[in-house]
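Reader: I've got a protein model to look at, and I'd like to ask some questions about it. Can we go through it together?

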Amino acid sequence: QVQLVESGGGAVQAGDSLRPSCAASGRTFSSYAMGWFRQAPGNEREIVAAISRSAGSTYYGDSVKGRFTISRDNDKNTVYLQMNSLTPEDTAVYYCAARPSDYRSLAYCRAGQYVYWGQGTQVTVSI
C-alpha cells in the first residue's frame with residue numbers, strides 16, 4: 001500500500017507560480033504511475049497531469065497544457081507539479097494519485113484508473 005502526502009499549495013495572485021509536491025511512502029515508488037487531479041467546488045474531479053513510471057511519458061489536461069509540468073524523482077519518492085501563469089480558473093483542491101503499473105511508459109489520465117489518493121492541497125488564485 002502507498003500513502004501519499006501533498007504539500008506546496010497556497011494562495012497566490014494571477015500570473016504567479018506554485019510547485020506542489022507529493023511524497024509517497026514505500027520502497028516501490030518507481031513501480032507506480034502517478035497523476036495530479038483537481039476538483040473545484042461544484043465541479044467533477046479532472047485530470048491535470050499524469051506521468052509514467054519511467055517519466056518517459058506524460059499527459060496534460062487541455063486547460064493546463066503549456067503552463068504546467070509534471071515530473072518525478074524516483075530516488076526521493078516524490079512527484080512534482082510545476083504550475084506557471086496561474087489564473088483564477090486554476091483554483092481547486094489538487095490531489096496526487098498513484099497506481100501500480102506494469103508498463104514503464106504508460107501514463108493514465110482517468111481518475112478511475114488510480115488506486116491510491118492523497119488528502120489534497122488547496123490552491124487559490126486571486127486576481
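Reader: Is D62 buried or exposed?

Author: This is a predicted model, and the value here is computed from it. D62 has a relative accessible area of 66%. Exposed means over 50%, so D62 counts as exposed.

Reader: Which residue does D62 meet in a salt bridge?

Author: Side chains of opposite charge can pair when their charged atoms come close. For D62 the N to O distance is 3.1 Å, and the cut-off for a salt bridge is 4 Å. The partner is K65.

Reader: Now R38. Is R38 buried or exposed?

Author: The relative accessibility of R38 is 5%. Buried means under 20%, so R38 counts as buried.

Reader: What is the N to O distance between E46 and R38?

Author: E46 is partly exposed, with a relative accessible area of 34%. Its side chain and that of R38 meet in a salt bridge. The N to O distance is 2.6 Å.

Reader: How many residues apart in sequence are D90 and R38?

Author: D90 and R38 are both buried, and they form a salt bridge with the closest N and O atoms 2.9 Å apart. D90 sits in the loop between β8 and β9, while R38 belongs to strand β4, so the pair ties together parts of the chain. In sequence those parts are 52 residues apart.

Reader: Which residues do salt bridges that share partners join into one network?

Author: By the rule used here, there are four salt bridges. R38 meets E46 in one and D90 in another. The full network is R38, E46, R67 and D90.

Reader: Let's move to the nonpolar core. Which element gives the largest share of this core?

Author: The largest nonpolar core has 29 residues, and Y94 is among those that touch the most other members. Y94 touches residues including W36, L81 and V123. Several strands give two or more residues to this core, among them β4 (32-39), β8 (78-83) and β9 (92-100). The largest share, four residues, comes from β9.

Reader: And the open sheet of four strands: which are the edge strands?

Author: The strand order is β1-β3-β8-β7, with antiparallel pairing. An edge strand pairs on one side only. The edge strands are β1 (4-7) and β7.

Reader: Which residue in β8 does R72 stand opposite?

Author: β7 and β8 pair in the antiparallel sense, over six bridges. Across from R72 stands a residue of β8, and that residue is V79.

Note on methods:
Residues are numbered from 1 along each chain as its sequence is written. This is a predicted model: local features need pLDDT of at least 70, side-chain atom pairs count only at pLDDT 80 or more; totals for chains, interfaces and linings use all residues. Side-chain values use heavy atoms; hydrogens and water are left out. A nonpolar core is a set of buried Ala, Val, Leu, Ile, Met, Phe, Trp, Tyr and Cys residues joined through side-chain atoms within 4.5 Å. Buried means under 20% relative accessible area, exposed over 50%, partly exposed in between (1.4 Å probe, protein chains only). Contact means heavy atoms within 4.5 Å. Two strands pair if DSSP finds at least two bridges between them. Lists of a residue's contacts leave out its neighbours within four places in sequence.
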